[in-house]
Structure formats: C-alpha cells, structure tokens
Amino acid sequence: MKNYDLTKRILVTGGAGFIGSHLCERLLEQGHEIICLDNFYTGRRANIAHLISNPLFEVLRHDICFPLYVEVDEIYNLACPASPVHYQFDPVQTTKTSVHGAINMLGLAKRVKAKILQASTSEVYGDPAVHPQDESYWGNVNPIGLRSCYDEGKRCAETLFFDYHRQNNVKIKVARIFNTYGPRMHPNDGRVISNFTMQALKSEDITIYGDGTQTRSFCYVDDLVDGLIRLMQSPDDFTGPVNLGNPSEVSILELAEKIIELTNSKSQIVFAFLPEDDQRRRQPLLEMAKIQLDWKPSTELNEGLIRTIDYFRKIVKPYEQAVVV
Ligand code: NAD
Ligand code: UDP
Ligand code: UDP
C-alpha cells in the first residue's frame, strides 16, 4: 500500500530524455508524484508515452533558462543536451541551459526549500592527467574548445550549487555521471554506443574516430538511476560531488568488436577523423559512492549491451520496412 507520509512531489528536469525518462519511471514506481519538465530539444514524447496515463505523472513543456514557479519537495536537474553532436549544435544555448538553468532551479529550490540534485558529468575532469579519476581531481579542461560549452557550463553549474549551499543553505547533491547507456538513447544522438549499434544493425560501416585506442567506462542506465536516487536520499550533510559510473574500462575498438559480435553483424570497421579535445581515457573511482551511498553498478557490459541492442532492433525494424517498401 502507498505510504502517503513518504511520497513526495518531485520535479525532474530533462524528464523526457534518455536518463530522465528512466528516473521518472522509477520514482513513479515508488509512489511519488512527478512533474516531468522538458523543452523537447533532445527528449522525445515516445520516451514517456507509457507514463502519461498515470495520474501521478504530469508533463510540463518548459525551458529551464526561464523562471519556473511550482511547489515541490525535490528537484533532479537533468535538463541539458548530453551528446557532443547536440550540445555543439547551439553551444551558447548549451551554456545558458547549464548556467541560467542552474540559477533558476536553485532559486526555485531556495524558495520552496526543496532538495536539489545536479546531473554533473565526468567531463568536468576534461582530458584527465590523473587516471582513474576520483572526486578530488580538479580536472584538465580546455576553456575555449568545441567541448567547452558543455564542460565549462557543467563546471559553473557545480560552482553555483556549492555557492547556493554555502550562501543560502540550499540542500544540494552533485553527481558526476560517467558515460551511461541503455534503451531510449536517441538513435541519432551521435554517442558511441547508439552509433555503433545502429550501424551494426543496418550493416553499415562502424565509424571509429581516431585509432580506437581511447577508452571509456560504460554504466547501464538502471544502475545509474539507482545511484541518483540513493544520492538524493543520502543524509543532508552529504553533498558530493560523487562519481557515478561503471569502472570497467574498454577501448573504443574493443567496444566496436563487441557490438559486431553481439549483433552478429556483417559491418566493417572504418577509421575516421578524431574530434577536437576527444579524451584519451576515462574511468571512475567509486570509493565515495560505495562508502556514502552503499552503491556500486551491477550490470556487466555484455548484459547491458544485449538489452540496448534489443531496444534498437525495434527502432531499426520500421526503418528497414520503409527501405524495402
Ligand atoms: P538527453 O539529451 O537524452 O536528455 C536531456 C534532456 O534535457 C532532453 O529531454 C532535452 O530535451 C532536455 N533539455 C535540454 N535543454 C533543456 C532546457 N533548456 N530546458 C528544458 N529541457 C531541456 O541526455 P541524457 O543522456 O539523458 O542526459 C541527462 C543529463 O545527464 C544531462 O544533464 C547530462 O549532461 C547528464 N549526463 C549524461 C551522461 C550520459 O552518458 N548519458 C553522462 C554525464 C552526464
Ligand atoms: N526563480 C525561479 N523560481 C522560483 C524562485 C526563483 O525560477 O520559485 C528564479 C528567479 O527568476 C531568479 C533565479 O531563480 O532569477 C535565482 O533566484 P534567487 O532567489 O537566487 O535570486 P534573485 O531572485 O535574487 O535573482
Ligand atoms: N566515437 C567513435 N565513433 C562514433 C562515436 C563516438 O569512435 O561513431 C568515439 C568518440 O570519439 C569518443 C568515444 O567514442 O572517443 C565516446 O564518444 P561519445 O560521444 O559517446 O562520448 P564522450 O566522448 O562524450 O565520452
């Protein structure tokens, strides 16, 4: 039975996006009332269509760069394009979303005394000179490159969170999220797992940027959502920043080979131009999450990839039919 004392009204910004839609779903399962805010820049109605009939779920089309007046107990601030292709399309808007958006959501949290969680990123470490990365590392970020609108925007948002905490006693939580994947990633968002999977399923060439020796560590979305909720529920004196991700590191070449194998694809690997400031290595140290949140990821890459590939197969099918017709 639902426990009304424990249920809350929760605002999820970016709620129609990849991670946001999974988060809304999980919070609804826990009996909370959800306001899912999105401007639908990279989010899609299809991601939340199955939630619409739930009377505890409300969708609000809004851009967080503008003020918002609602009454809520908790805010998960996820609104921000996350893939390089999308955040570089309109870089000024990306910085505005991170900075003006954070100010508005922090102003709201301050007024209604809500707890607020920021979806920060491993990108705050830039191209890390320290490997693997723990939360004490200050990063190695190019302030004027093509990735800067995202990296510096997220760094400034962290600054704002800590200043609202020190200056106005706002209860904050900052999660530094490492590469996350799973069903509902946008098929054309340019990120590596969605690109490789779509290419493999359509028997197109798999495009490795550079020589494929760069590494990433991929976290399955269900594990990440569990970490975000645990962070929100942690004691008020724990603010983070805390790394959330999966520590098993793979090279991009290994990832391409794995996806070809799991999809049983005939695709060939081709090597293409490496984008500016593409990071060489990335792997989280998760000691803090383990100690403070009793959290660690449990989904192996193969298992998560199989579930993700199943999702993309359903998207590719209509495409194939369209081509055949
Ligand atoms: P996504 O692009 O699927 O989701 C972002 C959502 O925010 C979309 O629904 C988009 O329409 C919405 N949005 C963008 N600008 C907005 C604005 N100004 N106002 C209102 N809504 C806006 O990306 P995602 O992968 O789900 O990422 C969610 C959050 O997690 C982002 O803040 C991202 O920076 C962070 N993050 C993601 C990853 C990852 O690997 N997926 C890694 C690190 C951090
Ligand atoms: N804000 C908002 N909703 C609220 C309260 C504030 O969107 O419920 C916005 C407000 O427009 C302001 C920003 O949050 O620009 C920062 O608010 P804060 O109170 O920190 O600063 P001030 O109002 O003094 O600029
Ligand atoms: N990448 C690639 N081919 C693609 C898309 C990405 O080789 O089709 C590489 C990219 O250059 C980077 C890694 O895969 O080294 C991860 O890229 P993604 O955009 O997913 O995330 P990020 O670079 O932000 O970690």
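Which residue places a backbone N or O atom 2.8 Å from an oxygen atom of ligand 3? The residue is Val192, and I would like to start from there, keeping in mind throughout that what we have in front of us is a predicted model.

Let me stay with ligand 3 for a moment. Besides Val192, whose contribution comes from the backbone, there is Arg147, which brings a polar side-chain atom to 2.8 Å from an oxygen atom of the ligand, and there is Tyr209, where a polar backbone atom is 2.8 Å from an oxygen atom of ligand 3. On its own this ligand has 510 Å² of accessible area, and the protein covers 95% of it. Two elements give two or more residues to the shell, namely helix H6, residues 192-201, and strand S8, residues 206-209. The ligand is surrounded by 17 residues, and the closest are Asn195, Thr207, Tyr209, Arg216 and Asp278. If we sort that shell by class, we find 6 nonpolar, 5 polar and 6 charged residues.

Now let us turn to ligand 1, which has 30 residues around it, the closest being Asp38, Thr42, Tyr150, Lys154 and Arg191. Three polar contacts are worth finding in the structure as I speak. A polar backbone atom of Asn39 is 3.2 Å from a nitrogen atom of the ligand, a polar backbone atom of Tyr41 is 2.9 Å from one of its oxygen atoms, and Thr42 uses a polar side-chain atom, which lies 2.6 Å from an oxygen atom of ligand 1. Taken alone, ligand 1 exposes 830 Å², of which the protein buries 96%. Helix H1 (18-29), strand S2 (33-38), strand S5 (115-121) and helix H5 (148-168) are the elements that each give two or more residues to this shell, and the largest share, 3 residues, comes from S5. By class, the shell divides into 15 nonpolar, 11 polar and 4 charged residues.

Ligand 2 is the next stop. How much of ligand 2 does the protein bury, and which residues make polar contacts with it? Leu68 has a backbone N or O atom 2.7 Å from a nitrogen atom of the ligand, while Lys110 and Arg111 each offer a polar side-chain atom to an oxygen atom of the ligand, at 3.0 Å for Lys110 and at 2.5 Å for Arg111. Taken alone, ligand 2 exposes 510 Å², and the protein buries 64% of that. The residues around it are Pro67, Leu68, Tyr69, Ile103, Asn104, Gly107, Leu108, Lys110, Arg111 and Tyr164, and helix H4, residues 91-112, supplies the largest share of them, 6 residues. This shell has 6 nonpolar, 2 polar and 2 charged residues.

Finally, I would like to look at one helix, H8, which covers residues 252-263. Its 12 residues, at 1.5 Å a residue, should span 16 Å, and the end C-alpha atoms are indeed 16 Å apart, so the expected span and the model agree. The buried residues of H8 are Ile252, Leu255, Ala256, Ile259, Ile260 and Thr263. Why can we say that they line one face of the helix? Seen down the axis of H8, the buried residues fall within an arc of 135 degrees, and therefore they line one face. After the helix comes Asn264, whose phi is positive, near 55 degrees.

Definitions and conventions: Residues numbered from 1 in each chain as written. Chains lettered and ligands numbered in written order. Predicted model: local features only at pLDDT ≥ 70, side-chain atom pairs only at ≥ 80, totals over all residues. Heavy atoms only, no water. Near = heavy atom within 4 Å. Polar contact = N/O pair within 3.5 Å; in protein donor to acceptor, adjacent residues only side chain to side chain. Areas by Shrake-Rupley, 256 points an atom, 1.4 Å probe, with all protein chains shown as cover. Helix = DSSP H or I, 4+ residues; strand = E, 2+ residues; numbered from the N terminus. Nonpolar A, V, L, I, M, F, W, Y, C, P; charged D, E, K, R; others polar. Expected span 1.5 Å × (residues − 1). Buried < 20%, exposed > 50% of the residue type's maximum accessible area, 1.4 Å probe, protein only. Arc of directions from axis to C-beta.
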